Amino acid sequence: MDTSKWFLLLACCCVFVILNINGVEASHKVYPEFQSLDSLRAVEVKQVHRTGFHFQPPSNWINGPMYFGGLYHLFYQYNPKGAVWGNIVWAHSISKDLINWQALEPAIYPSKPFDINGCWSGSATLLPGNKPVILYTGVDVERHQVQNYAVPANLSDPYLHEWIKPDNNPLVVPDITMNSSQFRDPTTAWWSNGHWKMLVGGKRKHRGMAHLYRSKDFVYWVKAQHPLHSAPKTGMWECPDFYPVSLKSKVGLDTSKVGGGVKHVLKVSLDDTRYDYYTVGQYFPNQDRYVPDKELVDGWAGLRYDYGNFYASKTFFDPAKNRRILWGWANESDRREKDMKKGWAGVQAIPRTVWLSPDGKQLLQWPIEELETLREQKVQMKNQNLKGGDHVEVEGIAAAQADVEVVFSFKNLDKAEPFDPKWANLDAQAICGLKGSTVGGGIGPFGLLTLASQNLEEYTPVFFRVFRTQDNNKHKVLLCSDARSSSLQDQLSSSLEDQLYKPSFAGFVDVELSEKKLSLRSLIDHSVVESFGAGGKTCITSRVYPILAVDNKAHLYVFNNGTEAVTIESLNAWTMNAPKFMNQ
């Protein structure tokens, strides 16, 4: 992807973008006015809104994964001179547990003709003999996007301190039929039928493309006559990711796994929308074709990893625990000027284990188990009834830095409100905008009021609402994470600098309601709320910036604004400690 937008963990390609109040803004523009030495001296890193247990460097702008030598390696785009995009290097951090991180010296920076105008995102592959290779997009002297590689200077060094970019780069260049400014983000390579294979994102007119390349020796690469997959009217495909998932278990699979008992996932980051979309389907290695399952679609109407602030994601296979882990970038929702004043921008979402649902229709996601080592100070609720209009505080935890798991139940579905046929062409976010947390319903809205001020002047509601479709035996479940009430900053300032992007993020949840239960987990971390509905079927990440509900003035409530009473069958909430080491 466009390096102005990514984040890589030695096997991944992640993009970072900056959002303004009108939506997504391209992040590859350089802002020299915010990067002078004088301005840098003036910046003091502000801790308000800075996360407690998410991955962040000590300061400035971030925007990648691999397991090697007993360590997890995370490479990411970092601006050492400011909290905006520019002066990008490939920073490098290592961890034993994906929670505590140690910063090392940058691994890659522009230095040669094939990348002098930019070292953009890419992936990593482990070759036979446990030899890591990084594939990345460089911007050459003619500003063409080309695909390069880098190798460790010392394979006996588990920290991989130093990387070499051989002079036989680039490995792959765009041919005359391709747009050289829309050709980036090589994937982790896989081995099949005597060849290494990789994808590079691109587009032809407005058709998104996953260009396929093959190599016998990982040095000489040949473009296939056809892409692995493409789709019309989807625009540029950034950060493609292609990997197998098991049909039988949660166990992760090596990227080269093919054959029986396996489906494949193709994920692309759409440059037009700045969201990540995926399909599940069948890979035919002899033809090198990928065919999504019939009921799935590519692009805007397709499945998403996350229906909120989450982009340029990448998975990697973790051989230490036989799992596939997903990383994604949670970009800021305030303005560049605010980022510069606070001295930092961008966080990495909590890494998630990802696997195929039992029905094979979608992926499930759940925070990695290591996160639970940060839990302390547990509080519980059981069998508590919530009538319409009730909101009950969850006391005894630090509500600004917490992990909450709750199971709701209701006695019947009779009061589910009808799903208006006029909404048929609206997406979930638009419906959440019409049916927010204060709009009464039948079954719901009910859920959590996170990062709430004491008198509810500010709060970020995460909630369910159950609809009845025209077929009375069917229901639609909506999960919302609505940032519109998250901050008073807009109301208290007329300055454009203080305006926030506060969307009503939402997604539908494909869940069976025969047991009349819905579960929710939310990770709350000062300016991040990551939520997982129905065991990880639908996930939403919101970035919010309260001015009242900060630190020990933040509160957490459980609420119900539906006419059908809801029972909190179980609620477990923990204060979350900060990691002992975060890029120190």
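Q: How should I read relative accessibility for a charged residue; does Lys435 count as buried or exposed?
A: The general idea is a cut-off: a residue is buried when its relative accessible area is under 20%. In this predicted model, Lys435 has 18% relative accessibility, so it counts as buried.

Q: Which side chain does Lys435 meet in a salt bridge?
A: The way to spot such a pair is to look for a side-chain nitrogen of Lys or Arg within 4 Å of a carboxyl oxygen of Asp or Glu. Here the partner of Lys435 is Glu417, with 3.2 Å from N to O. Lys435 sits in the loop between α3 (428-434) and β34 (443-452), while Glu417 belongs to strand β33 (residues 417-418), so the salt bridge ties together parts that are 18 residues apart in sequence. Glu417 is buried too, because its relative accessible area is 10%.

Q: Which residues do salt bridges that share partners join into one network?
A: Follow the shared partners from one pair to the next. Doing that here links Asp318, Lys321, Arg323, Glu369 and Glu370.

Q: How many salt bridges does the structure hold?
A: There are 28 of them. One is formed by Lys263 and Asp293, whose side chains meet at 2.6 Å, N to O. Lys263 is in strand β20 (residues 262-270) and Asp293 is in the loop between β22 (289-292) and β23 (303-304), so this pair connects parts 30 residues apart in sequence. Lys263 is buried at 17% relative accessibility, and Asp293 is buried at 16%.

Q: Is Glu372 buried or partly exposed?
A: Check each partner of a pair separately. Glu372 forms a salt bridge with Arg375 (3.9 Å, N to O). With 37% relative accessibility, Glu372 counts as partly exposed, whereas Arg375 is buried at 18%.

Q: Let's move to the nonpolar interior. Which residues touch the most other members of the largest nonpolar core?
A: A core is read as a network of touching buried nonpolar side chains, and one can ask which members have the most neighbours. The largest one here has 61 residues, and Val394 and Leu571 touch the most other members. Beyond its neighbours within four places in sequence, Leu571 contacts several residues, including Val379, Val394, Val404, Val406 and Val558. A separate core of 21 residues includes Tyr72, Leu374, Cys539 and Met582.

Q: How many residues of strand β38 are buried?
A: A general point about strands helps first: in a regular strand, side chains alternate between the two faces of the sheet. In β38 (residues 517-525), seven of the nine residues are buried, so the strand is mostly covered.

Q: Which residue in β38 stands opposite Val406?
A: To read strand pairing, look for the bridges and their direction. Strand β32 (residues 401-409) runs antiparallel to β38, and nine bridges join the two. Within this pairing, Val406 faces Leu520 of β38. On top of that, β38 pairs with β39 (residues 528-533) in the antiparallel sense through five bridges, with Ser522 bridged to Ser531.

Q: Which residue takes a positive phi in the hairpin of β38 and β39?
A: In a hairpin, look at the backbone angles between the strands. This one has two residues there, and His526 has a positive phi near 65 degrees.

Q: Finally, which residues form a nonpolar patch on the surface?
A: For a patch, look for accessible nonpolar side chains that lie together. Leu492, Ile547 and Leu548 make up such a patch, with about 260 Å² of accessible area together. Leu492 is part of helix α4 (residues 489-492), and it counts as exposed because its relative accessibility is 63%.

Methods: Residues numbered from 1 in each chain as written. Predicted model: local features only at pLDDT ≥ 70, side-chain atom pairs only at ≥ 80, totals over all residues. Heavy atoms only, no water. Core = buried A, V, L, I, M, F, W, Y, C linked by side-chain atoms within 4.5 Å. Buried < 20%, exposed > 50% of the residue type's maximum accessible area, 1.4 Å probe, protein only. Contact = heavy atoms within 4.5 Å. Helix = DSSP H or I, 4+ residues; strand = E, 2+ residues; numbered from the N terminus. Pairing = 2+ DSSP bridges. Patch = residues over 30% accessible without salt bridge, like charges linked within 9 Å, V, L, I, M, F, W, Y side chains within 5 Å. Areas by Shrake-Rupley, 256 points an atom, 1.4 Å probe, with all protein chains shown as cover.
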